[in-house]
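These are my notes from an afternoon with one model. I looked up confidence, a helix pair and a few backbone angles.

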Amino acid sequence: MNTAVIGLDIGGSKTQAVRAENGVVVAEALAGSANIASVGQAEAGRQLDIALARLGVEDVGAVCAGAAGVETPAGAATLTRLLADRIPGARVRVVHDSQLILAAAGVRDGIAVISGTGAVAWGRADDRHARAGGWGYLLGDEGSGYWVAKEAVRRTLIRIDREEPADHLGQQLAADCGLQDTDELLDHFYAQPERRYWAGRARVVFELAQSGDPVSTDIVDQAAIALTDIALSVADRIGSAGPVVLAGGLAVHQPALQRRVRHHLGMRGVSDLRVLTVDPVRGAIQIALRELERRNSAKA
């Protein structure tokens, strides 16, 4: 009987994969992004091959992959097929990556809010579920690392248009980008389209906010309000009061953002906020284990 399971967390920049046997993690692997919407089907398949080769696919009874870009049936079907072709005989489950958060936190019903390079919320209460945000950097992702850095650039450019002297935020941001002057930020922003690059610059905003810089502090607060809004949009539609589980690189590593989200949620009646302390891929393992149980029950 196949007792091994594989869980994958497919992000915009990397794929984290874990193999568990009898519920115990025995192997882990990292590869580039296998997000079909971002890198295309061929590259996604190549990155899956890299990750799975390091884990091994023998004796695997179930696999769960959490990924952005699987909101549509077509996107989910494509990723399901890629995995089924590579792990023949395994039961395959593909979910939006936000669904991994609740499973990893050991929560069945609640609201997951991810703030990393992008931002999205997903929640479940009984048989109801809903999602908000996750529109991508061109249309939204307010409260994400990319958005924080973009907002810092935007506010710096507004000062330039008004012929106002560069403030501390603009100066520090330009220096962090290796630029001599804030006037160079506009060209640099369009010359550097990589989202991870700009999400990494969000660190400058949080460092300045910690020292009391008013513009940076306001950007952090606006990010927290945006994350609160998508969390409550989900909560209203599924009739849930939480818990809200924060995840994603920005949310997990920036206590100031956590505090402001906690404040704004509390002002609007939600008091149970938790921060994910394990990798989301652990949630994929939990879902895969449930799929394995269903598979074995069906065969019994």
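Before starting, I fixed the cut-offs: a residue is buried if its relative accessible area is under 20%, and exposed if that area is over 50%.

Entry 1, aspartate 141. The model is a predicted one, and I began with its loops. Aspartate 141 sits in the loop between strand 8 (128-133) and helix 5 (145-161). I read a phi near 60° there, a positive value in a residue other than glycine. Is aspartate 141 buried or exposed? Its relative accessibility is 9%, so I put it down as buried.

Entry 2, asparagine 22. I then looked up another positive phi, about 55°, at asparagine 22, which is not a glycine. This residue belongs to the loop between strand 2 (14-21) and strand 3 (24-32). Asparagine 22 has a relative accessible area of 63% and therefore counts as exposed. I noted the contrast: asparagine 22 is exposed, whereas aspartate 141 is buried.

Entry 3, confidence. I checked how far the model can be read. The mean pLDDT of the protein is 91, and 98% of the residues reach at least 70. Where is confidence lowest, and where is it highest? The lowest mean, 81, belongs to helix 1 (residues 36-39), and the highest, 97, to helix 9 (residues 214-238).

Entry 4, helix 9. I tested the length of this helix. With 25 residues at 1.5 Å a residue, helix 9 should span 36 Å. The C-alpha atoms at its ends are 36 Å apart, so the expected and modelled spans agree. Just after helix 9, I found glycine 239 with a positive phi of about 70°.

Entry 5, helices 2 and 3. Two packed helices are described by the angle between their axes and the distance between the axes. For helix 2 (residues 41-55) and helix 3, I noted an angle of about 40° and axes 11 Å apart. Angles under 35 degrees would count as roughly parallel, so the two helices are oblique to each other. The crossing of helix 2 past helix 3 is right-handed. On the helix 2 side, the residues that meet helix 3 include Ala44, Leu48 and Leu52. Their counterparts in helix 3 include Leu79, Leu82 and Arg86.

Entry 6, threonine 78. I finished with one residue of helix 3 (residues 73-86), threonine 78. Its relative accessible area is 15%, so threonine 78 is buried. Leaving out residues up to four places away in sequence, threonine 78 touches Ile36 and Gln41. Gln41 is also among the helix 2 residues that meet helix 3.

Key: Residues numbered from 1 in each chain as written. Predicted model: local features only at pLDDT ≥ 70, side-chain atom pairs only at ≥ 80, totals over all residues. Heavy atoms only, no water. pLDDT = per-residue confidence, 0-100. Expected span 1.5 Å × (residues − 1). Buried < 20%, exposed > 50% of the residue type's maximum accessible area, 1.4 Å probe, protein only. Contact = heavy atoms within 4.5 Å. Axes fitted to C-alpha atoms, helices over the stretch in contact; angles between N-to-C directions. Parallel < 35°, antiparallel > 145°, perpendicular 65-115°, else oblique. Left-handed = near helix turned anticlockwise from the far one by under 90°.
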